[in-house]
Amino acid sequence: MRKVDLQIFVEIYSRPELSDADQTLFREAREATRTSYSPYSNFCVGAALRLEDGTIVWGSNQENAAFPSGLCAERTAVFTAAVQHPGKRIDTIAIVACPAESRQFVPISPCGGCRQVLLEYEQKQGSPMRVLMDGENDQVTVFPSAAALLPNGFSAGHLQ
Ligand code: THU
């Protein structure tokens, strides 16, 4: 037996260190939480992604009385981009969350299903999709790619 270290490098930024474009993306993601439909969890998630031409697309979680029929913010954003801007690469996606009763944003990390979907679209476009999220102490965590979020993930190659 041998152990293999699946190393992941993430970047941790203080907020002012972020580029203007990334700060804008966070602001947009926060605005996107206002479109959340989350009467069951009362937890509003917002995503904003920037396409290669600078276009910004929003997503937010959309819940349903039949719980599994709802969808997370990240997937809402990625699927909307795929439909409304086919063929354009996603450069970066920012993800934020706050309780419905306050605008106090809390750190969030994408669920496994969303990681899987981000990886699929990253592989489809053939270039890295940066993933930004709020961290502790007003810092920001930047994953350089969706693959970094899902080490050893399942993907199209396994179907060959
Ligand atoms: N949620 C997201 O939108 N993205 C995630 O990555 C994690 C969870 C949503 C789903 C549900 O509407 C609420 O947060 C509580 O799980």
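Nine salt bridges are found in this structure, which is a predicted model. Side chains of opposite charge can pair when their charged atoms come close. One of these pairs joins D134 and R15, whose side chains meet with 2.9 Å between N and O. Because D134 lies in strand β5 and R15 in the loop between β1 and α1 (20-32), this pair ties together parts that are 119 residues apart in sequence. Both partners are covered by other parts of the protein to a degree that can be stated: D134 is buried, with a relative accessible area of 6%, and R15 is buried as well, at 17%.

Another salt bridge links K88 and D53, with the closest N and O atoms 2.8 Å apart. Here K88 belongs to the loop between α2 (73-84) and β4, while D53 belongs to the loop between β2 and β3 (56-60), so the pair ties together parts that are 35 residues apart in sequence. K88 counts as partly exposed at 31% relative accessibility, and D53 is partly exposed too, with a value of 44%. Salt bridges that share partners also join R15, R30, D134 and D138 into one network. E31 and R34 form a further salt bridge, in which the closest N and O atoms are 3.2 Å apart; E31 is partly exposed at 35% relative accessibility, whereas R34 is exposed at 55%.

The three pairs described above are set out in the table.

| Salt bridge | Closest N and O atoms |
|---|---|
| D134 and R15 | 2.9 Å |
| K88 and D53 | 2.8 Å |
| E31 and R34 | 3.2 Å |

Turning to the overall fold, the protein has four helices and six strands, and from the N terminus on these elements run β-α-β-β-α-β-α-β-β-α. The radius of gyration is 16 Å, close to the 15 Å that the globule rule gives for 160 residues, so the protein is as compact as a globular protein of that length. Taken along the principal axes, the box filled by the C-alpha atoms is roughly 50 × 40 × 40 Å. Buried residues make up 41% of the 160 residues, and the accessible surface comes to about 8900 Å², of which 53% belongs to carbon and sulfur atoms. Among the contacts with a separation of 6 or more, 64% are between residues 24 or more positions apart.

I93 shows such a setting in detail, for this residue of strand β4 (residues 90-99) is buried, with a relative accessible area of 0%. Leaving aside neighbours within four places in sequence, I93 is in contact with residues including L25, A47, L49, V78, L118, M129 and V131. Its C-alpha atom is separated by 14 Å from that of L18, which is 75 residues away along the chain.

Two polar side chains can be described in a similar way. R50, in strand β2 (residues 43-51), counts as buried because its relative accessibility is 13%, and the cut-off for buried is under 20%. A polar atom of the R50 side chain lies 3.3 Å from the backbone oxygen of A21, and A21 is also one of the residues that R50 contacts beyond four places in sequence, together with others that include D22, T55, R89 and R130. Q125, in helix α3 (residues 112-125), is likewise buried, with a relative accessible area of 16%. A polar atom of its side chain lies 3.0 Å from the backbone oxygen of S127, and, not counting residues up to four places away in sequence, Q125 touches R89 and I90.

Other residues have more of their area accessible or lie outside helices and strands. P107, in the loop between β4 and α3, is partly exposed at 40% relative accessibility, and beyond its neighbours within four places in sequence it contacts D134, G135 and E136. The C-alpha atoms of P107 and Q139, 32 residues apart along the chain, are separated by 9.3 Å. Near the start of the numbering, I8, V10 and I12 make a nonpolar surface patch of about 240 Å²; of these, V10 lies in the segment before β1 (11-14) and is partly exposed, with a relative accessible area of 36%.

Finally, two residues that are not glycine have a positive phi. D138, in the loop between β5 (130-134) and β6 (139-143), has a phi of about 60°. N152, in the segment after α4 (146-149), has a phi near 60° and is exposed at 73% relative accessibility.

Technical notes. Residues are numbered from 1 along each chain as its sequence is written. This is a predicted model: local features need pLDDT of at least 70, side-chain atom pairs count only at pLDDT 80 or more; totals for chains, interfaces and linings use all residues. Side-chain values use heavy atoms; hydrogens and water are left out. Buried means under 20% relative accessible area, exposed over 50%, partly exposed in between (1.4 Å probe, protein chains only). A polar contact is a pair of N or O atoms within 3.5 Å; within protein, one must be able to donate a hydrogen and the other to accept it, and residues adjacent in sequence count only if both atoms are side-chain atoms. Contact means heavy atoms within 4.5 Å. Patches are made of residues with over 30% relative accessible area and no salt bridge: like charges are joined within 9 Å, nonpolar side chains (Val, Leu, Ile, Met, Phe, Trp, Tyr) within 5 Å. Accessible areas come from the Shrake-Rupley method with a 1.4 Å probe; for residues, only the protein chains shown count as cover. A salt bridge is a side-chain nitrogen of Lys or Arg within 4 Å of a carboxyl oxygen of Asp or Glu. The radius of gyration is taken over C-alpha atoms; the globule rule is 2.2 Å times the number of residues to the power 0.38.
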